[in-house]
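Biologist: Could you take me through the sheet in this model, strand by strand? I would like to know what pairs with what.

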Amino acid sequence: MARFFKRRHKPGPSKNEVKVQRAQDAARRARSAGRLQDRFPEVEHLRVLLELLSPQGSPLGREVREYGPEDVVDFAVPCPGRCGSTGSFDLATKIGAVITALETSSESSGVCQEPLYAGSPDPCGTKLVCRVEASYAPRPVE
Ligand SMILES: [Zn+2]
């Protein structure tokens, strides 16, 4: 018959220590509101693959952004095209929609509508193709 040894538990923090810890946690959360776990606590890992193409279809750049829960997220992609970076792609809405729907993979694309120069009737036309991959933490049992 197996013998079990009772482990001696370490003494827990006092009530006051818990209070101080909670206040510190809240302050930390407020300061770093841009972390993945603050915005999307259900996401364990987020990967964003970006590919930028000129209006003619030639590659302008590729980027992979990976985020863990502790990482500060930045969902803005400055346009590398002819608009001179005045335009940018904001992926926050798209990524928010993917996560809200608990999708694990989603692709989308957009075109920079920024005028080529001030007053120009022609848009920049740089194309962004973006793939969002997310994995989710198992829901805590309630
Ligand atoms: Zn542009």
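Modeller: Happy to; here is the sheet, from its order to what packs on it. This is a predicted model, where local features need pLDDT of at least 70, side-chain atom pairs count only at pLDDT 80 or more, and totals for chains, interfaces and linings use all residues. Residues are numbered from 1 along each chain as its sequence is written.

The sheet is open, with 4 strands in the order 2-1-6-5 and antiparallel pairing. Strand 2 and strand 5 (105–111) are at the edges with a single partner strand each, so one side of each has no neighbour in the sheet. On average, neighbouring strands are turned by 15° against each other, direction ignored. Strands here are DSSP E runs of at least two residues, helices are H or I runs of at least four, and both are numbered from the N terminus; strands pair if DSSP finds at least two bridges between them.

Strand 1 (residues 43–53) is joined to strand 2 (residues 59–67) by 8 bridges, with Arg-47 opposite Glu-66. These two strands form a hairpin with 5 residues between them, and Gly-57 in the turn has a positive phi of about 95°. Strand 1 also runs antiparallel to strand 6 (residues 127–136), through 10 bridges; there Leu-53 faces Lys-127. Strand 6 in turn shares 7 bridges with strand 5, and Cys-130 stands opposite Ser-108.

Helix 3 (residues 92–100) packs on this sheet, touching strand 1, strand 5 and strand 6, and its direction makes about 30° with that of strand 6. Contact requires C-beta atoms, placed from the backbone, within 7 Å; axes are lines fitted to C-alpha atoms, for helices over the stretch in contact, with angles from 0 to 180 degrees between N-to-C directions.

How values were computed:
Contact = placed C-beta atoms within 7 Å.
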